[in-house]
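Trainee: I would like to take a close look at one residue and then see its surroundings step by step. Could you take me through it slowly?

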Amino acid sequence: MQDQIAVFISTELLKDPTRKIAFDEPLISSGLVDSFSLVDLALFIEETFDVRIDDTELTAEVFDTIEELAALISARSTS
Amino acid sequence: MSTVTDVLYRTIQEEPDRIALVLQSPDGDQAITYTDLIRGALGYAKLLEDAGVRSNEPVILLLQHGRPLIEAFFGAILHGAVPAIMPFLTEKLSPERYRQSLAALIEITKPAAIITYPAFTDEVVRARKEGDSVRSVILWTEAKPPTDISWETLGGMRSKPEDIVLLQHSSGTTGLQKGVALSHRAVLYQLKTYAEAIKMTRDDVVVSWLPLYHDMGLIAGFIMPILLRSKLILMSPFDWIRAPYRLLSAISQYRGTLSWLPNFAYNFSARKVRDRDLDNIDLSSWRAVINCSEPMRWKSHEDFFNRFSKYGLKRQALATCYAMAENVFAVTQGGIESPVVVDEIDRRSLLEDQIASPAKADEDAIKMLSAGQPIDGTSVRVIDAEGMDLPDRHVGEIALQGDCLLSGYYNREDLTQETFLGRWYITGDLGYLVDGELFVTGRMKELIIVGGKNVFPQDLEELAMDVEGVHPGRVVAFGLFNEELGTEEIGVIAEVDVIEDDLRLKIAREIRDQIARGTDVTARYVLTVDRGWLIKTSSGKIARGANRDKYLQESA
């Protein structure tokens, strides 16, 4: 799951497939994923993992790394 | 009605309980009456008085989009001081860069006070220099709305029409050193003439998500509806960008009639709103959706209309406007009484001869959207390099004149001198006229507009130069229009000495990081090149336009 998210961010959001993103690398607080792309990230997660991330949750306080995002998805898909 | 304070005074006398605005947030909607608004504002006016801030002294507001910002803004005006809103620190910005921006703002603007959050005072302290103009850092938490509104003692009651009522800045170090100073008279005249142009009445309902530190959000999406008593539904740009359907829900819920959007928002809304968020949405009340503040695209209007027409969006609601802070806001307006004029021109003739010839069949055509005609009291000319009027369809620099124009760039008489030709303000934008309709084709000035935000390339270049391996004066930044997004993206090219791919990649990423953390935009394309790649002018300066063209040719 973490790999899938990382690939999506580098190819679709950053348009730089060679960019490797560490699972503990800050995404939002670093500006790597800018605010224009947050909706795309939410749409991707919903379509791929069938888990809804509310727009109010698209902040660095809720998740800022791929690890944290994956944990959020896992917690939701089992509940 | 000679000052903003007078307008508010009369509003309180006539309709104290009228709703001034509804502030939306994910937690719920908050309706604020004029009495609530003025009482809230007076809490700030009192703090400014206690701090010894005098009439006509600037006050910087370092507050996020929300009620304290709104009240502090009007509080400063009621006190007779001059508010300037600085964009708040977002989570991605490095605090160090933000301090530099704040320091730049303080140095030129020389504010007497800064209003901010308790948790933010440390930042302010760090940005300050010894002996600067700031006499007081005021905390919003100390503002106490009075029980009674007493006007007699208010400093703002003594403001004169020619006094400066507010300062508007673009973001970034360069923008923050260039505050557009606007008088009460200019602002009120703009509201009057612009309201006539868009036929705005007290029955209109304005819905806005635009930031208040930008002219479109501050004037069209905030001051105008409040002073003209049209209901305002206001949400935060932070909430909208994460959930663009919120604008459409608000239109539906409040029977919204007017909105202003930068071009990218048409593309963004058309592409990113989910169907399930549009259940029961009715957009039929929306009588004007006005495209403004970055290049306007025919395709963006079409995509927006095609996506939302089944929810009641009317085609005649699509409108256009050419605006700038230097004219308070609007210069021209199109698409209100009749549809926006579309001019199909020959691409080759535009690029090679700077003439917008009507396209003949099977030629490569561009569909230009007219920005409409000048609003009353504002005149527009298109001039050549010698300042002479050009005939219709000849592209030249747009100049304007009228009673909405700025009093000057605050404490920057040098800049004010540079941008005026006699009484005409030279905009730095390029365009052509056809039968009184203005078409904006590009820019002389080296400014990038990303999602409606003005970005100065020199700020981006400065940031890139801080990266190890990048040398001063050997970087260029420019904008590249992305049709799919409907806005410009940022390209940066840096000459480097290292030749190893991995080292170059590292430098490119660091440039990207620096820009992400140092500005409120991100760089999409970062290219590292060999020494000697960049084209320089005869005076040794980096030629931004020429390098942009070279990049486009090489990457084509």
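Trainee: In which strand of chain B is the place of B:A330?

Mentor: The model you see is predicted, and local features in it need pLDDT of at least 70, side-chain atom pairs count only at pLDDT 80 or more, and totals for chains, interfaces and linings use all residues. Residues are numbered from 1 along each chain as its sequence is written, while chains are lettered from A and ligands numbered from 1 in the order in which they are written.

B:A330 lies in strand 14 of chain B, which covers residues 330-334 (strands, E, of at least two residues and helices, H or I, of at least four are DSSP runs, numbered from the N terminus). B:A330 counts as buried because it has 31 C-beta neighbours inside 10 Å (buried takes 20 or more other C-beta atoms within 10 Å, exposed 12 or fewer, partly exposed in between, with C-beta atoms placed from the backbone). If we set aside the neighbours within four places in sequence, the residues in contact with B:A330 are B:Q190, B:Y194, B:A197, B:C321, B:A323 and B:I375 (contact puts the C-beta atoms, placed from the backbone, within 7 Å).

To place B:A330 in the wider chain, we can take B:L503 as a second point: the two residues are separated by 173 residues in sequence and, from C-alpha to C-alpha, by 48 Å in space. The number 503 falls within helix 16 (501-518) of chain B, and this helix, like helix 9 (237-242), supplies at least two residues of the side of chain B that touches chain A. Helix 16 of chain B gives the most to that side, with 3 residues. Taken as a whole, the contact between the chains joins 13 residues of chain B to 14 residues of chain A.

On the other side of that contact, chain A has 3 helices and 0 strands, so that its elements, read from the N terminus on, run α-α-α. The C-alpha trace of chain A spans about 35 × 20 × 20 Å along its principal axes, and 34% of the 79 residues of chain A count as buried. If we consider contacts in chain A between residues at least 6 apart in sequence, 64% of them join residues at least 24 apart.

Definitions and conventions
Two residues are in contact if their C-beta atoms, placed from the backbone, lie within 7 Å.
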